[in-house]
Amino acid sequence: MKRIILMVLYNLPFVPFWWWRLCRIARHPERYSRKERWDFLQRLTRRANRGGRVKIEVHGAENIPPEENFIFYPNHQGLFDVLALIESCPRFFAVVNKKEVRRVPLLDQVFRLMGAISIDREDIRQSLQVINQVAEAVKAGTNFLIFAEGTRSRKGNVTQEFKGGSFKSAYKAKCPVVPVALMNAYIPFDRNTIEPVTVRVVYLPPIPYEEYKNMKTVELAAEVRSRIESTIASFC
C-alpha cells in the first residue's frame with residue numbers, strides 16, 4: 001500500500017487525466033487498436049514504476065516469439081507481477097485472472113483494457129469454458145498470460161506446484177509455451193516497504209507444440225516449473 005501511495009504522489013499532476021483516459025478506454029476497448037492500448041498501458045506502467053522506485057531488469061526478450069502467438073507461463077509472486085510483464089514485453093497480451101481481482105479499482109480497468117478473461121476456480125464448468133476461450137483467442141491472434149500456480153506463492157523467490165490443467169489451453173491452441181522467471185516481484189506490493197527494488201523478468205526459450213504435444217499436462221507443468229526454478233537459482 002505504501003508503494004502505491006508513492007506511485008500516486010510522484011505522478012499526482014498526471015493522475016486525473018490518466019484515470020480518465022484509462023476508464024474511457026476500458027469502457028470501450030474495441031474502439032482502440034491493440035497498439036494504442038498497449039502503448040498507453042506501457043507509458044502508464046513505466047511512470048508508475050519509476051514513481052514507486054521499482055526498476056525492471058529484463059533478460060531474454062529475444063525469446064518472445066516475434067510473430068507467432070503464444071501463452072506466457074510465469075511463476076506467480078505477487079500483485080505486481082503483471083505490471084512487471086507489461087513494462088518488459090513489447091507484444092500485447094491478455095491475462096487470465098481470478099474473478100475476485102475485478103473488484104479492485106485500477107486492476108479492473110487495466111484488465112478490461114487488456115481483454116482479460118476472469119476465471120471462477122470454484123466453478124468447474126466455467127473453468128472449462130475459459131480453457132476453450134483462451135485457446136480460441138490465441139488461435140485468433142491474441143497472446144495470453146496464465147499463472148499456472150493459481151495463486152501467489154507468498155514464499156519470495158520460491159515456486160509452488162504448477163497445475164497441469166493450466167496448460168490445456170496451450171494444447172488446444174497448439175501454440176508455443178513461453179516460461180517466464182520472475183524474481184523479487186513480490187516486494188513492491190506484497191511487502192510493506194518503499195525501498196528501491198529491482199524486479200527481474202527473464203523470458204526463457206519457447207517450448208513449441210511439437211516438443212510438448214506427446215507430454216501429459218502435468219509433465220509439461222513440471223518441465224516449465226523446473227526451467228523457471230533453474231533460472232531463478234542461476235540469478236540468486
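Here is a chat about the fold of this predicted model, its strand β3 and its helix α5.

Biologist: Hi! What should I know before I start clicking around?
Modeller: It is a predicted model, so to speak of local features we need pLDDT of at least 70, side-chain atom pairs count only at pLDDT 80 or more, and totals for chains, interfaces and linings use all residues. Residues are numbered from 1 along each chain as its sequence is written, and side-chain values use heavy atoms, with hydrogens and water left out.

Biologist: Cool. How many helices and strands does the chain have?
Modeller: There are 10 helices and seven strands. Those are DSSP runs numbered from the N terminus: H or I over at least four residues for helices, E over at least two for strands.

Biologist: And how compact is the chain?
Modeller: As compact as a globular protein of its length, because its radius of gyration is 17 Å, close to the 18 Å from the globule rule for 236 residues. The radius is taken over C-alpha atoms, and the rule is 2.2 Å times the number of residues to the power 0.38.

Biologist: What share of the residues is buried?
Modeller: 52% of the 236. Buried means under 20% relative accessible area, exposed means over 50%, and partly exposed lies in between, with a 1.4 Å probe and protein chains only.

Biologist: Switching to β3: which strands does it pair with?
Modeller: Strand β3, residues 93–98, has five of its six residues buried. It pairs in the parallel sense with β5 (residues 143–145) over three bridges, and three bridges also join it, again parallel, to β4 (residues 117–119). Pairing here needs at least two DSSP bridges between the strands.

Biologist: Who faces whom there?
Modeller: Val95 has Leu145 of β5 as its bridge partner, while Val96 stands opposite Ile117 in β4.

Biologist: Now α5. What do its buried residues pack against?
Modeller: They pack against α2 (15–27), α3 (34–51), α4 (81–88) and β3, where contact means heavy atoms within 4.5 Å. Helix α5 covers residues 107–114, and six of its eight residues are buried. Among them are Asp108, Val110, Phe111 and Met114.

Biologist: And Arg112: is it buried or partly exposed?
Modeller: Arg112 counts as partly exposed, because its relative accessibility is 42%. Its C-alpha is 8.9 Å from that of His28, although the two are 84 residues apart in sequence.

Biologist: What comes right after that helix?
Modeller: Gly115 follows α5, with a positive phi near 75°.
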